[in-house]
Amino acid sequence: VVLLALAVVVKAESPYRFFDWNVTYGDIFPLGVRQQGILINGQFPGPDIYSVTNDNLIINVQNNLDEPFLLSWNGLQQRRNSYEDGVYGTTCPIPPGKNFTYILQVKDQIGSFFYFPSLAFHKAAGGFGGIRVLSRPRIPVPFPDPADDFTLLIGDWFKNDHRQLKAMLDGGHKLPFPDGILINGHGPNGASFTVEQGKTYRFRISNVGLQNSLNFRIQGHKMKLVEVEGTHTVQTIYESLDVHVGQSYSVLVTMDQAAQDFYIVASTRFTDNILSTTATLHYSNSNKAVSGPIPAGPTDQIDWSLNQARSIRTNLTASGPRPNPQGSYHYGLINITRTIKLVSSAAQVNGKQRYAVNSVSFVPTDTPLKLADYFKIGGVFRVGSIPDNPNGQNMYLDTSVMGADYRAFVEIVFENHENIVQTWHIDGYAFWVVGMNGGVWTPNSREEYNLRDAVSRSTTQVYPKSWTAIYMALDNVGMWNVRSEFWARQYLGQQFYLRVYTPVNSLRDEYLIPKNALLCGRAQGRSTRPL
């Protein structure tokens with residue numbers, strides 16, 4: 001008698017992780033003076049989010065500030081679900097004294113990211129924290145498990161209250177130079193990380209600041225880069241690493257020095273006045289405090305930074321969130337269906353400082369664009385209100401929305417005619433950074449592209465008087481924010497929305513509006529779906 005066992009494969013739902021966050025004001029002293037910070041569960045910075053690929057994150061946010069509030073999730077792609085993106089173009093603000101529950105899924109993602117408050121100028125008061133998405137247990141990771149895993153949130157900081165900074169911008173003025181640099185909410189010598197000699201640790205470094213590129217380094221130790229915003233990288237060794245505003249990196253550091261304490265340093269790049277701060281790397285068996293001069297880093301060398309950026313490449317043989325190798329998607333062999341050229345600019349409009357993309361300086365409307373699109377509310381925005389290429393017009397104000405077709409494969413060129421380093425982020429997507437160089441981009445610049453192992457990420461820098469080119473597969477339907485990560489510029493108009501559209505109404509392409517979606521502006525009084 002032969003007994004045949006019937007194998008029944010049951011597809012289990014991905015795990016759920018629940019978070020309950022209370023957002024309040026509280027006194028903080030990051031640079032030695034009392035400030036009003038934004039705390040999450042009493043913490044500044046906020047708590048880390050720990051998750052695994054495909055986890056469902058249920059994050060209940062209680063807004064106990066005296067003004068509307070939203071959180072956004074830098075680098076999380078919100079697959080088919082831009083309603084949860086947490087920027088004003090997609091999501092109604094949480095009113096004071098009310099709550100909203102975000103329902104997110106880290107679908108097909110791994111890596112290091114962060115969250116931040118997206119409204120007003122709240123980011124200057126805190127409310128940010130780290131996000132880590134680990135690989136599923138059976139997916140191979142291209143390095144051994146570290147002894148521990150640390151989040152380092154670095155960024156420039158003002159002693160001014162966030163309301164004062166916002167008032168400066170609303171009055172048409174530029175912001176002053178920042179007052180200092182923070183590491184995990186602390187000023188010089190405030191943060192400490194305890195390690196054991198001989199072991200290897202993972203450091204997830206995110207620049208959560210407002211405008212400045214920072215160089216990161218650890219005294220006496222080398223860093224092995226292993227991941228950038230969800231992509232396992234070629235494991236290159238660096239003595240220091242440029243982390244531009246809005247970017248995230250993950251490095252391995254082996255504690256191979258004599259037992260003592262060492263400086264961890266973050267300092268500004270490309271600024272006349274160099275700001276720096278330190279934290280402490282503490283060997284657990286150390287009886288010697290940090291000593292010697294703080295290790296110097298690069299300051300204004302553009303070529304140094306450019307060459308480092310070009311050296312960051314995808315590990316083609318490593319698995320990503322799925323078991324297949326990252327190099328199995330041959331982006332360099334796909335035909336480009338559209339080229340978009342985005343040029344940033346700064347000018348005065350009606351006597352006030354503004355910033356623009358392709359001459360259009362974004363102004364928000366009374367209704368989130370995604371809700372206006374869903375409810376078919378006319379007069380809120382116009383698709384095509386920002387051109388694909390600069391047209392030489394003087395700067396003007398508009399609610400800029402660019403239309404794009406679902407499943408198109410586009411080339412986007414960011415061109416920077418100014419004397420500062422700029423950083424650009426696209427919500428809902430990761431893209432391949434195929435090229436960057438000085439001067440003006442031309443079609444012949446494509447000869448310089450890396451079409452084999454360019455790094456895939458969601459935030460890229462554009463050097464002064466230079467260009468950066470990316471390839472992006474438009475495989476995520478929704479309304480997606482494209483923005484400068486130089487936060488004053490974003491606030492004063494250097495952003496727009498990319499409406500990735502399909503005429504097919506299918507849950508395969510886009511989820512329905514969340515049942516608990518907040519409704520505001522001209523969407524108020526309408527209904528979502530029955531609870």
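What share of the contacts in the protein chain with a separation of 6 or more comes from residues 24 or more positions apart? The share is 78%. The notes below go through this predicted model point by point.

1. Overall make-up. The protein chain contains four helices and 34 strands. Along the principal axes, its C-alpha atoms fill a box of roughly 90 × 70 × 55 Å. The radius of gyration is 23 Å, which agrees with the value near 24 Å for a compact globule of 531 residues.

2. Burial and surface. Of the 531 residues in the protein chain, 59% are buried. The area that the protein chain exposes is about 21,400 Å², and 51% of that area is supplied by carbon and sulfur atoms.

3. Charge. Positive side chains number 46 and negative ones 43. The centres of these two sets lie 4 Å apart.

4. Aromatic pairs, with F262 and Y283 as an example. The count of aromatic pairs comes to 28. In one of them, F262 and Y283 are 5.5 Å apart centre to centre, with 55° between the planes, and the pair is tilted. F262 belongs to strand β19 (residues 261-268) and Y283 to strand β20 (residues 276-283), so the pair ties together parts that are 21 residues apart in sequence. Both partners are shielded: F262 is buried with a relative accessible area of 6%, and Y283 is buried with 0%.

5. A second pair, F409 and W432. Here the ring centres are 6.4 Å apart and the planes are at 40°, so this pair is tilted. A pair is counted if the centres lie within 6.5 Å. F409 is in strand β27 (residues 409-416) and W432 is in strand β29 (residues 431-438), so the parts tied together by the pair are 23 residues apart in sequence. F409 counts as buried at 4% relative accessibility, and W432 counts as buried at 14%.

6. The aromatic cluster. F409 and W432 are also members of one aromatic cluster. The cluster is formed by Y329, Y331, F409, W432, Y449, W467 and Y471.

7. The F44-P45 peptide bond. Which kind of peptide bond joins F44 and P45? The bond is cis, with omega at about -10°. P45 sits in the loop between β2 (35-40) and β3 (49-52).

8. D108. Phi of D108 is near 50°, a positive value in a residue other than glycine. D108 is located in the loop between β6 (99-105) and β7 (111-117). D108 counts as partly exposed, at 25% relative accessibility.

9. F270. Phi of F270 is positive as well, at about 65°, although F270 is not a glycine. The loop between β19 and β20 holds F270. Those are the strands in which F262 and Y283 lie. Is F270 buried or partly exposed? F270 is partly exposed, at 22% relative accessibility; the limit for buried is under 20%.

10. G384. This glycine is found in the loop between β24 (382-383) and β25 (396-398). G384 counts as partly exposed at 42% relative accessibility. Leaving aside neighbours within four places in sequence, G384 is in contact with V401 and G403. G384 and G428 are 44 residues apart in sequence, and their C-alpha atoms are 20 Å apart in space.

11. A346. This residue is part of strand β21 (residues 338-349). A346 is partly exposed, with a relative accessible area of 40%. Which residues does A346 touch, not counting residues up to four places away in sequence? They are Q353, R354, Y355, M395, E418 and R489. The C-alpha atoms of A346 and Q494 are separated by 8.9 Å, while the two residues are 148 residues apart along the chain.

Notes:
Residues are numbered from 1 along each chain as its sequence is written. This is a predicted model: local features need pLDDT of at least 70, side-chain atom pairs count only at pLDDT 80 or more; totals for chains, interfaces and linings use all residues. Side-chain values use heavy atoms; hydrogens and water are left out. Helices (H or I, at least four residues) and strands (E, at least two) are DSSP runs, numbered from the N terminus. The radius of gyration is taken over C-alpha atoms; the globule rule is 2.2 Å times the number of residues to the power 0.38. Buried means under 20% relative accessible area, exposed over 50%, partly exposed in between (1.4 Å probe, protein chains only). Contact means heavy atoms within 4.5 Å. Accessible areas come from the Shrake-Rupley method with a 1.4 Å probe; for residues, only the protein chains shown count as cover. Lys and Arg count as positive and Asp and Glu as negative; His and the chain ends are not counted. The place of a charge is taken as NZ of Lys, CZ of Arg, CG of Asp or CD of Glu. Rings of Phe, Tyr and Trp (its six-membered ring) pair if their centres lie within 6.5 Å; planes under 30 degrees apart count as stacked, over 60 as edge-to-face and the rest as tilted.
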